[in-house]
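User: Hello! Please take a close look at one part of this model for me, its interior, and walk me through it in one connected answer.

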Amino acid sequence: MSYQEKKSIVSLISTILIFAGYCLYMYPRHPGGGLESAETFHYWGSFVLILTLFSVFAQIIISIIFTIFFRITTREKVPSFEDELDKLIGLKAFRNAFFVFVSGFLFAMGSLVFFQPSEMMFIILIASGFLADIMGSMTRLYHYRKGV
C-alpha cells in the first residue's frame, strides 16, 4: 500500500472518530427548549464553529503523528512533492466532496422553504460537511487503488 493510500485511510478513520466523538460530547448539552430560541441558535452556532476548529487541529496533529509513524516503521521518506497524478486525484476528490456539500447546502435551504425547524437546517449542514469529508477521502483512496 502506498503512502497516499495509507494517508487516505487514516484521514477517513480520523474524520469518523473526531465527528462521532464530538457529537457524543455535545449531544447531552443540547438545549431542549423552544424551536426558535436564541439558546438554540447559540448551541448550533457554537457546535459548528467548535467542530470546525477542533477538526482542523485534530487532523493536523493526526497527520503529523501519521507522518512520524510512517517514517519510523517503513524507513522511507515521505513524498515531498505532488506529481500530476496526485494533483488530478486531489481535484477529483475535491470535486466530489464539493458536490456533496453543495447538495447538502441546497437541502438545508430547502428545509427552511418547507417550514422545517431551523435545527433541521443546521443538522443537514453539519451532516453534509461530514459526508463531504468522507467522500473526499474515499475518492482519494479509490483513485489511488484503481487509477484515474
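Analyst: Happy to! Helices (H or I, at least four residues) and strands (E, at least two) are DSSP runs, numbered from the N terminus. On that basis the chain holds four helices and zero strands, and from the N terminus its elements read α-α-α-α. The model is predicted: local features need pLDDT of at least 70 and side-chain atom pairs pLDDT 80 or more, while totals for chains, interfaces and linings use all residues. Numbering starts from 1 along each chain as its sequence is written, and side-chain values use heavy atoms, with hydrogens and water left out.

Of the 148 residues in the chain, 30% are buried, meaning under 20% relative accessible area with a 1.4 Å probe, protein chains only. The C-alpha trace spans about 55 × 30 × 20 Å along its principal axes. Contacts (heavy atoms within 4.5 Å) often join distant parts of the sequence: among those with a separation of 6 or more, 76% link residues 24 or more positions apart.

Now for the interior itself. The largest nonpolar core, a set of buried Ala, Val, Leu, Ile, Met, Phe, Trp, Tyr and Cys residues joined through side-chain atoms within 4.5 Å, has 14 members, and W44, F47, L51 and I126 touch the most other members. Two or more residues each come from α1 (3-26), α2 (38-74) and α4 (118-146), with α4 giving the largest share, five residues. Beyond residues up to four places away in sequence, W44 touches H30, E119, F122, I123 and I126. In general, nonpolar side chains tend to be buried together in soluble globular proteins.

Other buried positions are worth a look too. S8 lies in helix α1 and counts as buried because its relative accessibility is 4%. Apart from neighbours within four places in sequence, S8 contacts S137, R140, L141 and Y144.

Helix α3 also has a buried side. Its buried residues are D86, I89, A93, A97, V100, G104, A108, G110 and S111, and they pack against α1 and α4. The 30 residues of α3 (residues 84-113) should span 44 Å at 1.5 Å a residue, counting one less than the number of residues; the end C-alpha atoms are 43 Å apart, which agrees. Just after α3, F115 takes a positive phi of about 60°.

Note on methods:
Buried < 20%, exposed > 50% of the residue type's maximum accessible area, 1.4 Å probe, protein only.
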